Amino acid sequence: MNQFTQDTIVALATPNGTGAIGVIRLSGPDALTIANSVFKGKDLTKQASHTLHFGTIVDNGLVLDEVLMSLFIAPRSYTRENVVEISCHGSNYIIQSIIKLLIKQGARSAKPGEFTLRAFLNGQFDLSQAEAVADLIASDSKASQQVALQQLRGGYSTELQSLREQLVHFASMIELELDFSEEDVEFANRAQLKQLIHDLTRIIGKLIQSFELGNAVKQGINTVIAGRPNAGKSTLLNALLNEDRAIVSHIAGTTRDTIEETLNINGINFRLIDTAGIREATDAIEQIGVQKTMEKISQSALLLYVFDVEDLTPAELQQDLASLYKSGLPAIAVANKIDASQPELDTYQLALPEGTTLAAISAKEKLHIDELKQLIYNTTIQGKLNGNETLVTNIRHLEALQKTEQALIKTLQGIDMQVTSDFLAMDIKQALHYLGEITGAVTTDDLLDNIFSKFCIGK
């Protein structure tokens, strides 16, 4: 057993507050003994793993509750320790009374993430998989749930681990060369080492590139709704959400601050940001609103530029979009109020810059809103997410991968320059260090504290 897991911890595993049931989790070497000491029913210490037992929790002869005891005997449990989960009634008084009783019997309160930390320390999974547990709990869309689940099941850490082991082999061969430095021999085939490093950099480069999409899936895709005053931005926001979220008025400059809401399209969360109309501000407050609009556009992953087809010419549309242009930012020009006129959409299409798509709608009458939603999805996600690819969603992993890539490039340069084995060994060790940080092969107490302190108490 790991030296950090000698005691037995306890915590509520379900959310705080009154509910039908509450689940209290015990983990540690004395979990069965402590649970058995307060349980009136079967002798839990003589029961098989993965069994349920009905009985009562008793404190000095006083029955606190009728409960179900779930037994998971080491190593067949989440933490690979003895685990007991007590399902009791969801009264906060009952829950706290049982936890206090278990602490009196020898358990201690768990710290945030301590159950998952024990699972990691006991070899249940690596560090990247442990972090995926937190992502899975926090997932609020189908896509973020699928990405977290894929990482929990191994994700890219399995592939990286295999390549890391090969790199370790070459590092050991180069270290062996140092022992025979006076005899000028090579145990590590430089051509094979170069090929391995090329394979690693290719995989790592692909993972680094996946972060932009992975982070968007995890956090939601920032989508700014911009345009001139009275173009129908707030009406469009309401139509997309199918609710009256933003104030709609014919008075120009009604929206002076940003309004943010979440829209789920095909399992992906889009963070819709309704902004102040872009025009020459008439007062200081409106000027601040326009400045915020420009800031939000610079931070967005998709721009919906809404314009009134009755009020804006193709030349003016072209001028507006040119002033908002951001390299690489996909944009959809939304021609609004088509119910009130029959615009020549082809002329507007010709006015669009490269990378911008035209959509014609009536936000007020909710015409073609579903088509616009699909276009929003297609513009940002279509073809990029098929459910099988590996995505990096964690900034810590991204930084470690970038540092690994730099160390591997330096190693390749050293091979080409025919540097001595000792310098080559240093570069390989650096790459191995950063790779190890991802999976937890290389850890520090500060790193673990930082990661697991963000978990909820009962996980």
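1. Start with Y78. In this predicted model, Y78 is partly exposed, with a relative accessible area of 24%. The ring partner to look at is F125, which is buried at 12% relative accessible area.

2. How do Y78 and F125 meet? They form an edge-to-face aromatic pair, with 5.9 Å centre to centre and 65° between the planes. Y78 belongs to the loop between β5 (62-72) and β6 (83-90), while F125 belongs to the loop between α3 (114-121) and α4 (127-138), so this contact ties together parts that are 47 residues apart in sequence. A search of the whole structure turns up four aromatic pairs, and Y78 with F125 is one of the aromatic pairs.

3. Now a look at F452 and F455. Their ring centres are 5.3 Å apart and the planes stand at 35°, so the pair counts as tilted. Are these two residues buried or exposed? Both F452 and F455 are buried.

4. Which residues make up the aromatic cluster here? F120, F452 and F455 form one cluster, so keep F120 in view when you look at the tilted pair of F452 and F455.

5. Don't skip R25. Its charged end sits over the ring of Y78, 6.0 Å from the ring centre. R25 also lies over the face of F115, at 5.5 Å from the centre of that ring. Y78 therefore deserves a second look, as the edge-to-face partner of F125 in a pair that ties together parts 47 residues apart in sequence and as a ring with the charged end of R25 over it.

Conventions
Residues numbered from 1 in each chain as written. Predicted model: local features only at pLDDT ≥ 70, side-chain atom pairs only at ≥ 80, totals over all residues. Heavy atoms only, no water. Phe/Tyr/Trp six-rings, centres within 6.5 Å; stacked < 30°, edge-to-face > 60°. Helix = DSSP H or I, 4+ residues; strand = E, 2+ residues; numbered from the N terminus. Buried < 20%, exposed > 50% of the residue type's maximum accessible area, 1.4 Å probe, protein only. Lys NZ or Arg CZ within 6 Å of the ring centre and 35° of its normal.
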